[in-house]
Amino acid sequence: MPTGFNLGPIAIHYYGLIIMIGVMAALGLAGRQARLRGKDPEFLLDAFPWVLLAGLVGARIWHILTPPQSMVRQGITTRFYLTHLEEAVAVWKGGLGIYGAVIGGALALWIYSSLKKESFFLWADILAPGVALAQAIGRWGNFINQEVYGYPTQLPWAIYIDPAHRLAEYQEAAFYHPLFLYESLWSLLNMAVLLVVSARYRQVIRRGNLFLGYVVIYGLGRFGLEFLRLDISSAGGVNINQVFMLAVVFAAGAVLIIRQRSSSLSSETDRNRDLSESPETK
């Protein structure tokens, strides 16, 4: 399967092209969400380069720090990347960790929002459905590179993996779980849930909680899908990504519940105060 094409002297890689399509789709959806909340989408255009760059750097750093076992067996370890900087920056070959992308992008958004005296939590909520959409689209780059697949299977929707992209211990198996597709569909579901919740309950959800909801939903899906994944990132026999996602889900879920409960209690207190001060109750 071809992984790109040449446009004159410029090599265009499908992986990078798909990532950019996902980013632009996310930006478009976020702009619509911003207008629905009475915010100027121009903020997104100004913040976009910084958030994109930080997300890309974060995604690559995560991959460098947690290379999958198939690469480790080939000697492509964190130490290898640190001593071969040309390989460390070769993102067009694949190797982007979504966790790092979200962390890097969120950090850049927080810094930029603070500088512009804007609410980070509000803009994180605005961007959350778009981030899920970008993930859904971006995962198809893994299809082009024939990566992120699961155990061998004979299910009707199994995908064929070329021998060159199969793990050494599975050379005889031709068809596998399309893990990238499962995650893409889960991300679309995540986006749909966030859009519905935002539309129906925007007035009662505390700022930042929609973003936390995105983290919880994505984390649950990714935790489950890691059970099917063959080429994991591990340390001491422990799946790093799976353990990290489990910790994130518990932490984000706990913060979400605490923040929403405190917001509800505050609203209830305000309503009671208003009733006690109304003319009819004096």
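Helices here are DSSP runs of at least four residues, numbered from the N terminus, and everything below comes from a predicted model.

**View 1. Ala47 in helix H2.** Take H2, which covers residues 42-65: that's where Ala47 sits. Ala47 has a relative accessibility of 4%, so it counts as buried, the cut-off being under 20%. For a sense of spacing, pick Ala34 as a partner: the two are 13 residues apart in sequence, and their C-alpha atoms are 13 Å apart in space.

**View 2. Helix H1 packed on helix H7.** Here H1 (residues 14-36) and H7 (residues 120-138) pack with their axes 8 Å apart, at an angle of about 150°. That angle makes H1 roughly antiparallel to H7, since anything over 145 degrees gets that label. The crossing of H1 past H7 is right-handed. On the H1 side, the contact residues include Ile18, Gly22, Ala26, Leu29 and Gln33; on the H7 side, Trp123, Ile126, Pro129, Gly130 and Ile137 are among them. Sort the contact by class and you get 17 nonpolar, four polar and no charged residues.

**View 3. Helix H6 alongside helix H10.** The axes of H6 and H10 come within 13 Å and cross at roughly 170°, which makes H6 roughly antiparallel to H10. H6 brings Ile98, Tyr99 and Val102 to the contact, and H10 answers with Phe211, Tyr214, Tyr218 and Arg222. By class, that's six nonpolar, no polar and one charged residues.

**View 4. Helix H9 and what it packs against.** H9 runs over residues 179-201, and its length checks out: at 1.5 Å a residue, its 23 residues should span 33 Å, and the end C-alpha atoms are 32 Å apart, which agrees. Its buried residues are a mixed bag, with Leu179, Phe180, Tyr182, Glu183, Ser184, Asn190 and Met191 among them. Those buried residues pack against quite a list of elements: H1, H6 (98-115), H7, helix H8 (140-145), strand E3 (159-160) and H10 (209-225).

**View 5. Glu226 in its loop.** Glu226 lies in the loop between H10 and strand E5 (234-235). Is this glutamate, Glu226, buried or exposed? With a relative accessible area of 4%, Glu226 is buried. Leave aside its neighbours within four places in sequence, and Glu226 is in contact with Tyr99, Ile232, Asn239, Asn241 and Gln242. Tyr99 should look familiar from View 3, where it is one of the H6 residues that meet H10.

Methods: Residues are numbered from 1 along each chain as its sequence is written. This is a predicted model: local features need pLDDT of at least 70, side-chain atom pairs count only at pLDDT 80 or more; totals for chains, interfaces and linings use all residues. Side-chain values use heavy atoms; hydrogens and water are left out. Axes are lines fitted to C-alpha atoms, for helices over the stretch in contact, and angles run from 0 to 180 degrees between N-to-C directions. Helices (H or I, at least four residues) and strands (E, at least two) are DSSP runs, numbered from the N terminus. Angles under 35 degrees count as roughly parallel, over 145 as roughly antiparallel, 65 to 115 as roughly perpendicular and the rest as oblique. A crossing is left-handed if the near helix is turned anticlockwise from the far one by less than a right angle, and right-handed if clockwise. Contact means heavy atoms within 4.5 Å. Ala, Val, Leu, Ile, Met, Phe, Trp, Tyr, Cys and Pro count as nonpolar, Asp, Glu, Lys and Arg as charged, and the others, Gly among them, as polar. The expected span of a helix is 1.5 Å times one less than its number of residues. Buried means under 20% relative accessible area, exposed over 50%, partly exposed in between (1.4 Å probe, protein chains only).
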